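Work through the exercises below with the sequence and the coordinates open beside you. Each task is followed by a solution that proceeds step by step.

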Amino acid sequence: MTSDEQVLSYPLPYETALEPPKEWERLRGQCPVATIELPSGDRAKMLTRHADIKALLTDPRFARPTAADNAARVAPEGSGGAAATGESTMVVPMKGEQHLRWRRLVGKYFTAKRMAALRPSMTATAEHLIDEMVRKGAPADLKAALGFPLPVYVICDMLGVPADDRHRFSRWSDMFLSVTRYTQEEARAGQAEFAAYMSEQIAGKRDGDTDDLIGMLIRESEGEGQGMSDAELLSTAMGLLVAGHETTANMIGKMVALLLADRSRWERLVADPSLVRTAVEESLRFDANHGFGLRRYLTEEAELGGEVLPAGTTVLCAMASGNRDESVFDRAGEMDLGRSPNPHLTFGAGPHSCLGQALARTELQVTLETLLRRLPTLELAVPPEDLKRVEGLLVGGLQEVPVRW
């Protein structure tokens with residue numbers, strides 16, 4: 001690095017919870033491969049252009065850093081959960097044929113047909129949660145009343161674990177995804193509790209014939225060579241429980257906040273609910289508060305954005321910046337509820353793209369359809385600029401989404 005190269009402190013500053021950092025536009029135009037300093041003090045490279053991010057994410061050579069890599073650390077010394085430190089006990093294969101084998105096994109459950117079959121029960125759950133929110137009266141925190149519990153009920157039903165334990169899951173999930181919210185010692189203790197709990201759930205299903213995802217994976221693993229090891233099964237169950245509720249719960253709150261921040265957006269959807277599917281995709285694109293972004297560790301030299309990066313470089317993909325790339329999206333800084341096509345990068349790309357994206361899309365569509373029908377007068381109970389971001393975790397979100405109707 002040259003002495004005059006600018007080093008940006010990461011995460012970049014946000015003026016409000018819903019608006020993107022002003023620095024993104026400058027970086028896309030002038031410095032698409034920027035040097036950043038992480039909360040740990042280590043340095044990494046950050047990609048902000050759509051094409052560069054997609055190129056890296058679709059490159060099968062590179063995967064998320066693990067503790068075995070000499071990668072840039074995210075969390076400060078003594079802080080951070082397993083997802084930030086790479087010290088996870090999870091043993092899901094990260095690349096190559098073993099990773100493809102794992103995706104094929106889990107992907108059998110996340111089919112479009114199965115997700116469509118879940119819609120009626122999702123809608124019934126959303127109706128019940130909205131009933132409860134209305135009964136308690138306005139103002140209400142939509143994230144706590146609907147955004148958090150809906151995905152938890154859904155993923156618990158899919159995995160076959162009791163939703164009554166959802167508050168424990170939330171705590172364990174936050175510990176797993178912590179950058180600065182928990183000490184490393186607290187996060188390790190939480191992960192051990194989580195692993196013990198999930199091991200017990202798996203053990204209870206081995207003698208049964210359940211039709212949930214864990215039961216299916218147990219049956220798939222009974223053959224020789226093609227199934228999962230016990231450690232992989234545990235890691236998969238834990239990972240799906242975290243991924244299956246944390247990101248979608250946050251996205252429900254962000255989607256509704258974005259649509260209510262300019263109420264003409266909400267009114268357009270009330271008038272034309274056929275726009276729900278494209279509005280969900282545009283909310284996913286327009287969301288500037290993804291969290292930390294996806295990291296990749298370069299095991300060999302690679303050229304990105306016209307710059308040759310040496311082996312051993314940690315690269316952070318700012319997908320939310322790529323989703324505002326003017327070279328890809330017409331009027332990228334505007335929220336167009338009918339935008340199509342919409343090649344956003346919110347679910348990643350390539351061999352590591354989000355396995356649960358069909359589930360997340362279905363949950364977001366059901367939430368929006370039900371709210372538009374039940375509460376067409378919904379509005380934010382605070383000015384948009386007063387909304388506060390989730391801090392200290394790898395995922396982005398809003399602390400609360402106060403609403404009235």
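**Exercise 1. Determine how many disulfides the model contains, and explain the result for cysteine 31.**

Solution. Begin with the criterion, which accepts a pair of cysteine sulfur atoms within 2.5 Å as a disulfide; by this rule the count is zero. Next, take the sulfur of cysteine 31, whose closest cysteine sulfur belongs to cysteine 317 and lies 15 Å away, so the two are too far apart for a bond. Finally, compare the surroundings using relative accessible area, where buried means under 20%, exposed over 50% and partly exposed in between, with a 1.4 Å probe and protein chains only. Cysteine 31 has 29% and is partly exposed, whereas cysteine 317 has 0% and is buried.

The model is predicted, so local features need pLDDT of at least 70 and side-chain atom pairs count only at pLDDT 80 or more, while totals for chains, interfaces and linings use all residues. Residues are numbered from 1 along each chain as its sequence is written, and side-chain values use heavy atoms, with hydrogens and water left out.

**Exercise 2. Describe how helix α7 and helix α15 pack: at what angle, in which handedness and through which residues?**

Solution. First locate the elements, remembering that helices (H or I, at least four residues) and strands (E, at least two) are DSSP runs numbered from the N terminus; α7 covers residues 149-159 and α15 covers residues 357-374. Their axes, which are lines fitted to C-alpha atoms over the stretch in contact, with angles running from 0 to 180 degrees between N-to-C directions, are 11 Å apart and meet at an angle of about 135°. That angle makes α7 oblique to α15, given that angles under 35 degrees count as roughly parallel, over 145 as roughly antiparallel, 65 to 115 as roughly perpendicular and the rest as oblique.

The crossing of α7 over α15 is right-handed, a crossing being right-handed if the near helix is turned clockwise from the far one by less than a right angle, and left-handed if anticlockwise. Then list the contacts, meaning heavy atoms within 4.5 Å: Leu150, Pro151, Val154, Ile155 and Met158 of α7 meet Leu359, Glu363 and Thr367 of α15. Sorted by class, the residues of this contact are six nonpolar, one polar and one charged, where Ala, Val, Leu, Ile, Met, Phe, Trp, Tyr, Cys and Pro count as nonpolar, Asp, Glu, Lys and Arg as charged, and the others, Gly among them, as polar.

**Exercise 3. Repeat the analysis for helix α11 and α15, and state which residues make the contact.**

Solution. Helix α11 spans residues 230-261 and packs on α15 at an angle of about 40°, the axes being 10 Å apart, which makes α11 oblique to α15. On the side of α11 the contact is made by Gly244, Thr248, Met251, Ile252, Met255, Val256 and Leu259, and on the side of α15 by Ala360, Glu363, Leu364, Thr367, Leu368 and Leu371. The class count for this contact is nine nonpolar, three polar and one charged residues.

**Exercise 4. Place valine 280 in the fold and list its contacts, leaving aside neighbours within four places in sequence.**

Solution. Valine 280 is part of helix α13, residues 276-286, and its relative accessible area of 0% makes valine 280 buried. Although valine 280 and arginine 361 are 81 residues apart along the chain, their C-alpha atoms are separated by 7.4 Å. With the sequence neighbours left aside, valine 280 is in contact with Met255, Leu364, Gln365 and Leu368.

**Exercise 5. Examine the loop between α14 and α15 for backbone features at arginine 331 and proline 341, and describe aspartate 336.**

Solution. Arginine 331 lies in this loop and has a positive phi of about 50° although it is not a glycine; at 39% relative accessibility, arginine 331 counts as partly exposed. Aspartate 336, in the loop between α14 and α15 as well, counts as buried at 19%. Apart from neighbours within four places in sequence, aspartate 336 touches Arg268, Glu282 and Arg331. Proline 341 is likewise found in this loop, and the peptide bond leading to it from serine 340 is cis, with omega near 0°.
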